[in-house]
Amino acid sequence: MSRVSWLEVVACRCYFYGSGLVTLVLLSVFPAVERDIMAESVAIERVHTGIPGLDHVLEGGFPKGARVLLAGGAGCGKTICCGQYLYKGATRYGEPGVYVSTEEPPQEFRANMLRFGWDFKKLEAERKIGMVDAVYQRVETEIAEQESLQSILYNLRSKLSEVKILVEQLGATRLVVDSLPGFGFRVTDLNTLREIFLEVGLLLKDVGCTTLMTTEIVEGSGLISRYGIEEFLATGVMVLSLVRQSSVIRKVYVRKMRGTSHSLNDFAFTIGREGVELKGPIGVRSVSRQRRLHSPRRKRRSRR
Ligand SMILES: Nc1ncnc2c1ncn2[C@@H]1O[C@H](COP(=O)(O)OP(=O)(O)OP(=O)(O)O)[C@@H](O)[C@H]1O
Ligand SMILES: [Mg+2]
């Protein structure tokens, strides 16, 4: 049987970044693969992220059924990304979603999202969005510090079954868990945390939604999640951060996304009146700037 190597140009795009024009070419090399395997991988269904610019980085969106962890420090924009994913999903793509909040009460989330013109209350009334208040879950854990693992898991399972029922009732295909560590608030024992995350992971697999989960990164910890466990529930990981250059900029990179040929570049993003928007890759020099820098030197050399 003859073996063939394929070289396929997956995407070729132009970005306007800063003052210059950047041309970015993504190449994927498939060594010695058979046609039917390729066809299968090309056919992975995509779910639009609702974030301008991000679909292009992910070959069209999140792989359908993916469980994507958004990791980042406080105020990096995780919750807004999640809200945008659900809101755009419900209003633009006709895909209902469920938001599970373990951090801030749903009324706070609704009020914050309304700042972008995203009326979650209306979508809830129209049965396009479901809201699960899991904040009490952590309060319970807080009160009963000495609670046994069995009773923690009992409470957790009843909350998760509420999520499952809501997903089924709405026919939701999008799910957000904001945040994962919120389920283990005040739990210090790593084994208990593992059990908690295992339960959540089982639910996520069971419902089969395309899911965004958030976790926090503690500065200086060297980890990409709060406990170093959360990423094992995920089929994709995106890391958000704030960096101080001449001013503070927001950036994101896709650390992993199964079934997806993606850039590992940092991408700048903004949070504006319309929500989150991805800008150009950071650290890729603009073509026009390179020409300006290199052309004179080439000329000088040719004179010698
Ligand atoms: N209406 C708005 N317009 C522009 N920027 C906003 C607006 N609302 C919030 N922000 C910015 O977004 C940040 C909060 O974003 P978000 O709540 O998504 O962060 P987060 O990563 O979820 O934080 P946490 O870890 O505390 O949950 C604010 O600190 C602010 O910088
Ligand atoms: Mg948040």
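## A mixed sheet, two buried strand residues and a ligand shell

Strands β12 and β13 pair in the antiparallel sense, with 6 bridges between them. Here strands (E, at least two residues) and helices (H or I, at least four) are DSSP runs, numbered from the N terminus, and two strands pair if DSSP finds at least two bridges between them. The model is predicted, so local features need pLDDT of at least 70 and side-chain atom pairs count only at pLDDT 80 or more, while totals for chains, interfaces and linings use all residues. Residues are numbered from 1 along each chain as its sequence is written, with chains lettered from A and ligands numbered from 1 in the order in which they are written.

Within the β12-β13 pair, Asp 266 stands opposite Ile 282 in β13. A hairpin through 2 residues connects β12 to β13. On β11 (residues 248-257), the pairing with β12 (residues 266-272) is also antiparallel, over 3 bridges. There, Val 252 is placed opposite Phe 267 of β12.

These strands belong to an open sheet of 9 strands with mixed pairing, in the order β7-β6-β8-β9-β5-β10-β11-β12-β13. Its edges are β7 (129-133) and β13 (275-282), each of which pairs on one side only. On average, neighbouring strands of this sheet are turned by 25 degrees against each other, direction ignored; the axes behind such angles are lines fitted to C-alpha atoms, for helices over the stretch in contact, and angles run from 0 to 180 degrees between N-to-C directions. Elsewhere in the sheet, β5 (residues 67-72) runs parallel to β9 and is joined to it by 6 bridges. Ala 71 stands opposite Thr 215 in β9. In a regular strand, side chains alternate between the two faces of the sheet.

The protein chain as a whole has 9 helices and 13 strands. Of its 304 residues, 37% count as buried, that is, with 20 or more other C-beta atoms within 10 Å of their own; 12 or fewer would make a residue exposed, and anything in between partly exposed, with C-beta atoms placed from the backbone. Two residues are in contact if their C-beta atoms, placed from the backbone, lie within 7 Å. Among contacts between residues at least 6 apart in sequence, 67% join residues at least 24 apart.

Two strand residues illustrate this. Val 176 sits in β8 (residues 174-178) and counts as buried because it has 27 C-beta neighbours inside 10 Å. Beyond four places in sequence, the contacts of Val 176 are Cys 82, Tyr 85, Leu 86, Gly 97, Tyr 99, Val 100 and Leu 212. Tyr 85 is 91 residues from Val 176 in sequence, yet their C-alpha atoms are 8.7 Å apart.

Thr 210 is part of β9 (residues 210-216). Thr 210 is buried because 27 other C-beta atoms lie within 10 Å. Leaving out residues up to four places away in sequence, Thr 210 touches, among others, Val 47, Phe 62, Ala 66 and Arg 174. The C-alpha atoms of Thr 210 and Ala 66 are separated by 5.0 Å, with their positions 144 residues apart along the chain.

Ligand 1 is surrounded by residues including Gly 72, Lys 78, Thr 79, Glu 103, Arg 115, Glu 216 and Ile 271, where near means a C-beta atom, placed from the backbone, within 6 Å of the molecule. Helix α3 (residues 78-92) gives the most to this shell, with 3 residues. The shell divides into 4 nonpolar, 4 polar and 4 charged residues. Ala, Val, Leu, Ile, Met, Phe, Trp, Tyr, Cys and Pro count as nonpolar, Asp, Glu, Lys and Arg as charged, and the others, Gly among them, as polar.
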